[in-house]
Amino acid sequence: MSQKYEGLAKDIVRLVGGKENVSNAFHCQTRLRFNLKDGSKADKEAVEQLDGVITVVEGSGQFQVCIGPHVADVFEEVEKLVDLSGADAVPAEKKGVGDAIIDFVSGTFQPIIPALSGAGMVKAVMALLVVFNLIDRSSQTYAMLNIFSDGVFYFLPILLAFCEAQKLKCNPILAAGVAAMMVHPTWLSFVSAGDPVSFFGVIPFTLANYASSVIPIILVVFVQSFVEKWLNKHISPSVNLVFVPMLAFLIMGTLAFSILGPIGYLIGNALAAVFTWLATNAAWAPAVLIGGLCPVLVMFGMHNGIAPLGVMQMSQLGYDSIWGPGNIVSNMCQATAGLVVSMRTKDSKEKQISLSGAITAYMGVTEPILYGINLPKRYPLIASMIGGAAGGLYAGLTHTHRFATGSGGLPAVLLYIGDDTLQYMINIIIAMLIGSAITAVLTFFLSLRYEGKDAAEGDEGSPAADAASAPASPAPSAPVQAADTIVAAPVSGSLIAMEDVPDPLFSTKAMGNGCAIKPASGSIYAPCNGTVTALADTGHAIGLVADTGAEILIHIGIDTVNLAGKPFTPHVKQGSQVKQGDLLMEVDLAQIEAAGLSTVTPVIVTNTDSFATVTTVAKGTVSSGQDLLALRA
């Protein structure tokens with residue numbers, strides 16, 4: 001993350017009384033929220049004068065610094081300056097079973113990806129040196145390079161144990177200690193010897209090699225998290241430091257070698273059998289599915305739950321054909337679609353976003369091009385998915401796989417060097433070229449329709465252009481012209497002018513122009529066709545980008561972030577595509593009012609500067625779906 005907000009963060013923390021005066025800090029969609037020990041130490045006027053601060057609001061027991069869209073970036077720097085280890089965290093959004101599983105898998109595997117990627121690239125370099133006869137397999141240099149690359153994979157259970165324990169909020173050092181037992185040389189010598197091992201002559205220990213394994217340690221640490229919490233609860237703090245670690249090692253060591261490890265070992269072998277069957281009988285399927293559907297998986301966060309299957313396959317078979325090939329082909333196709341858009345679009349802003357996003361995607365990071373261009377325009381996304389499936393089909397039919405884990409960008413082709421051959425790397429390059437070529441052709445021909453249509457609508461002298469340039473009537477209820485972008489009311493209720501919203505961030509229009517509604521019902525609907533680009537963890541705010549380019553923020557109530565999501569039931573996720581009138585959120589208005597908070601809901605065009613005028617076209621009371629705002633380009 002860029003450190004360009006580091007200076008602003010330091011100034012804010014200093015002016016609120018220093019880190020010693022901050023008992024808690026977090027952020028919502030628009031502002032930093034500080035709980036201060038002594039509010040009199042904060043210099044409100046000085047904070048408001050800082051470049052990058054819109055205004056300061058004091059309310060709900062908080063010192064609120066209004067930042068705007070970049071609040072998360074600023075908070076990232078603030079977090080480095082204050083001690084939040086003892087702070088009361090804002091309760092997180094409740095997750096469904098599926099979301100909870102993906103969150104757990106992601107939180108366990110993602111921290112170790114850099115280590116796996118680095119080790120994988122060392123493996124690739126070593127393979128290159130062997131292929132070109134620059135080193136000999138019997139040399140000490142080869143042996144040492146193998147140690148450099150294999151260390152991470154061999155001791156993978158220890159790394160996983162540490163990360164999983166952090167995710168489950170138990171002691172990561174104790175978890176790593178249990179994992180170390182499972183890869184101890186003495187235990188491995190028992191396994192090699194093949195003689196039965198029993199504990200106290202009573203408890204049999206199943207002989208299994210846990211080095212480089214994944215499933216056994218995940219089961220062990222999962223159970224350890226409960227055992228450790230129980231021990232901490234029932235052992236006196238005065239002797240806790242001695243007896244909790246001792247008992248944790250004795251209990252978990254016994255369970256690891258007698259029950260949990262063997263169960264995980266059997267599950268791992270079952271997964272290996274599935275992977276082997278796929279590689280033999282349906283090698284094309286994973287690469288086609290991932291190559292075609294990867295953007296959709298990313299939009300819904302499901303990729304975080306599927307990508308670790310590649311790590312598991314590698315730990316069992318020594319290669320990954322589940323995730324890697326399809327992912328890299330998909331990334332190249334998304335990048336190519338963005339590159340074609342940058343050549344075809346007439347909009348200078350889109351040209352800049354698509355070109356920079358394409359370059360980033362070629363390096364393996366697709367979110368900028370996905371959310372900035374391909375998803376809003378749709379046709380590049382469709383073209384890239386078709387191209388990704390086609391390239392994935394070639395990769396699958398040629399049994400292409402990678403020999404190490406890493407990114408999904410161009411440098412990752414080196415990960416496909418293995419088995420003393422360059423054939424796998426050649427195959428993945430061909431797959432990428434097939435997918436990119438199909439994507440480029442489809443994107444180009446689709447752009448003839450969509451980009452050509454956009455350009456024609458912008459031609460001088462055309463009826464659309466004439467309508468767009470016509471002066472807007474100042475009357476709030478002026479008739480809407482055909483060329484206007486219309487934002488519908490997301491909820492039924494009484495109309496309130498933005499100037500009358502009881503929050504200076506909105507009433508001063510610092511976040512943008514619009515209006516507000518005092519809801520008569522708790523159903524919030526999509527005000528336009530578009531994409532959900534932001535959904536607060538606490539549910540109180542939803543951001544959308546309309547298909548026409550308008551950026552809309554619906555902020556449900558004032559200071560409702562403090563309710564930690566309790567009154568809000570979302571019906572969409574970040575990345576969801578919606579049509580006008582689709583249900584976005586259900587809100588318990590009575591619960592908000594019972595907490596003494598306002599239900600007034602601002603509807604803001606956050607990119608107001610992109611339009612000549614933003615006019616309220618409704619009066620009095622409105623019904624959801626009724627025309628609310630007219631935007632003139």
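These questions and answers cover salt bridges in a predicted model.

Me: How many salt bridges does the count come to?
Reply: The rule asks for a side-chain nitrogen of Lys or Arg within 4 Å of a carboxyl oxygen of Asp or Glu. By this rule, the count is 7.

Me: Which residue forms a salt bridge with Lys10?
Reply: Lys10 lies in helix α1, residues 6–15, and its partner sits in that helix too, 4 residues apart. That spacing is about one turn of the helix. The closest N and O atoms are 3.4 Å apart, within the 4 Å cut-off. The partner is Glu6.

Me: Is Glu6 buried, partly exposed or exposed?
Reply: Buried means under 20% relative accessible area, and exposed means over 50%. Glu6 has 28%, so the label is partly exposed.

Me: Is Glu77 buried or exposed?
Reply: Glu77 pairs with Lys80, with the closest N and O atoms 3.3 Å apart. The two are 3 residues apart in helix α3, about one helical turn. Lys80 is exposed, at 53% relative accessible area. Glu77 has 3%, which is under the 20% limit, so Glu77 is buried.

Me: How many residues apart are Lys123 and Asp150?
Reply: Lys123 forms a salt bridge with Asp150, the closest N and O atoms being 2.9 Å apart. The pair links distant parts of the chain: Lys123 is in helix α5, residues 113–131, and Asp150 in helix α6, residues 140–154. Their separation along the chain is 27 residues.

Me: What is the relative accessible area of Asp150?
Reply: Its partner Lys123 is partly exposed, at 22%. Asp150 is partly exposed as well. Its value is 27%.

Key:
Residues numbered from 1 in each chain as written. Predicted model: local features only at pLDDT ≥ 70, side-chain atom pairs only at ≥ 80, totals over all residues. Heavy atoms only, no water. Buried < 20%, exposed > 50% of the residue type's maximum accessible area, 1.4 Å probe, protein only.
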